[in-house]
Amino acid sequence: MDTKELLKKVRKIEIKTRRLSDHIFGGEYHSTFKGRGMTFSEVRQYQYGDDVRNIDWNVTARYNEPYIKVFEEERELTMMLMADVSGSKFFGTKNQFKDEIVTEIAATLAFSATQNNDKIGLILFSDDIELYIPPKKGRSHVLRIIRELLEFKPKSKNTNVAEAFKFLSNVMKKKAIVFVLSDFIADDYKQTLKIAAGKHDITGIRIYDKHEASIPNIGMVQMEDEETGELLLVNTASKKVRDTYGKFYNEQVNYFKDAFTKSGAGTIDCRVDESYVRKLLGYFKQRG
């Protein structure tokens, strides 16, 4: 993609997603995530009706009358976007590929965070950490994130979600709001997710195409494994082959839901031919 075409694409995504974040998501994002963190502000004399649990006993003892600690909402948060850039994300049969939806969702979330003056960072992962952009504020920073999502060429086509969570736990020392965008055709990440979710507010956004869930009966077909590049002859007429694949796919989906729910993280299922706007709004409202 040449520079001119890239800038045009970035601008198009900015116009679309910024409008969404301005009119729809800004307020929802604010009410969902603000007020979770409280920071100490000052002490003042106790007044009737104050919460006795906030009494500062040291100051009270010093002045011989009750004083309480006053807390205020932490205004600044950090959002981390984690996007799977492995081979399987390019799958798509209806209107858009998964990677295009990932870019639009990430941009919408990033602009919503920018409206609240929050920092935004990015982790692109395959079976390794492909790119890390530390959290920063501002429109130009968000545009850089969109550019990377559009243009980045991963070194590997494989996926290791556990590695991504491990990296998140190491690199983010303060609590962050984390959105993980992937098809989650992976397993063995339960433990590292649990550790990361103990510190951060994590939401997994599973982006998928309905045609991935099953193989149609169309006889002998040569298929390429998107992650390994291996070419395989598959007999789709065989019920056993179709059932085995369906079982494998359902196991991955169930693993995703189970792993996230048990670790206290949130989940959103987003099909490529569905409105991600409705899905995100529904999720924010349910949590708010």
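In which sense do strand S3 (residues 78–84) and S6 pair, and over how many bridges? The two strands pair in the parallel sense, over 5 bridges. The legends below describe this pairing and its surroundings in a predicted model.

**Figure 1. Overview of the predicted protein.** The protein contains 8 helices and 10 strands. Of its 288 residues, 47% count as buried. Among contacts between residues at least 6 apart in sequence, 75% join residues at least 24 apart. The average pLDDT is 85, and 89% of the residues score at least 70. Over residues 89–95, however, pLDDT stays under 50. For that stretch the model has 18 contacts beyond four places in sequence.

**Figure 2. Strand S6 and its two faces.** Strand S6 comprises residues 177–182, and 6 of these 6 residues are buried, so the strand is largely enclosed by the rest of the structure. Ile 177, Phe 179 and Leu 181 point one way from S6. Val 178, Val 180 and Ser 182 point the other way, and the residues of both groups are all buried.

**Figure 3. The strands paired with S6.** Strand S3 (residues 78–84) pairs with S6 in the parallel sense. In this pairing, Met 79 stands opposite Ile 177 of S6. S6 also pairs with strand S7 (residues 201–208), again in the parallel sense, over 6 bridges. Here Leu 181 stands opposite Ile 205 in S7. Helix H6 (residues 190–199) joins S6 and S7 in making a β-α-β unit, and this unit is right-handed.

**Figure 4. Strand S4 between S3 and S5.** Strand S4 (residues 119–125) is mostly covered, with 6 of its 7 residues buried. S3 and S4 run parallel and are joined by 7 bridges. One residue pair in this view is Met 80 with its bridge partner in S4, Gly 121. S4 pairs in the antiparallel sense with strand S5 (residues 129–136), over 5 bridges. Leu 122 stands opposite Ile 133 in S5. S4 and S5 form a hairpin, with 3 residues between them.

**Figure 5. Helix H4 and its buried residues.** H4 has 13 residues. From its first C-alpha to its last, the helix reaches 18 Å, close to the 18 Å expected at 1.5 Å a residue. The buried residues of H4 include His 141, Val 142, Leu 143 and Ile 145. Ile 146, Glu 148, Leu 149 and Leu 150 are buried as well.

**Figure 6. The surroundings of His 141.** His 141 is found in helix H4, which covers residues 139–151. Why does His 141 count as buried? Its relative accessibility is 7%, and a residue is called buried when this value is under 20%. The side chain of His 141 reaches the backbone nitrogen of Lys 136 at 3.5 Å. Leaving aside residues up to four places away in sequence, His 141 touches Ile 120, Ile 133, Pro 134, Pro 135 and Lys 136. Among these neighbours, Ile 133 is the S5 residue that stands opposite Leu 122. The view therefore shows a buried residue of H4 together with the residues that it touches.

Methods. Residues are numbered from 1 along each chain as its sequence is written. This is a predicted model: local features need pLDDT of at least 70, side-chain atom pairs count only at pLDDT 80 or more; totals for chains, interfaces and linings use all residues. Side-chain values use heavy atoms; hydrogens and water are left out. Helices (H or I, at least four residues) and strands (E, at least two) are DSSP runs, numbered from the N terminus. Buried means under 20% relative accessible area, exposed over 50%, partly exposed in between (1.4 Å probe, protein chains only). A polar contact is a pair of N or O atoms within 3.5 Å; within protein, one must be able to donate a hydrogen and the other to accept it, and residues adjacent in sequence count only if both atoms are side-chain atoms. Contact means heavy atoms within 4.5 Å. Two strands pair if DSSP finds at least two bridges between them. A crossover is right-handed if, with the strands pointing away from the viewer, the path from the first strand over the helix to the second runs clockwise. The expected span of a helix is 1.5 Å times one less than its number of residues. pLDDT is the predictor's confidence in each residue, from 0 to 100.
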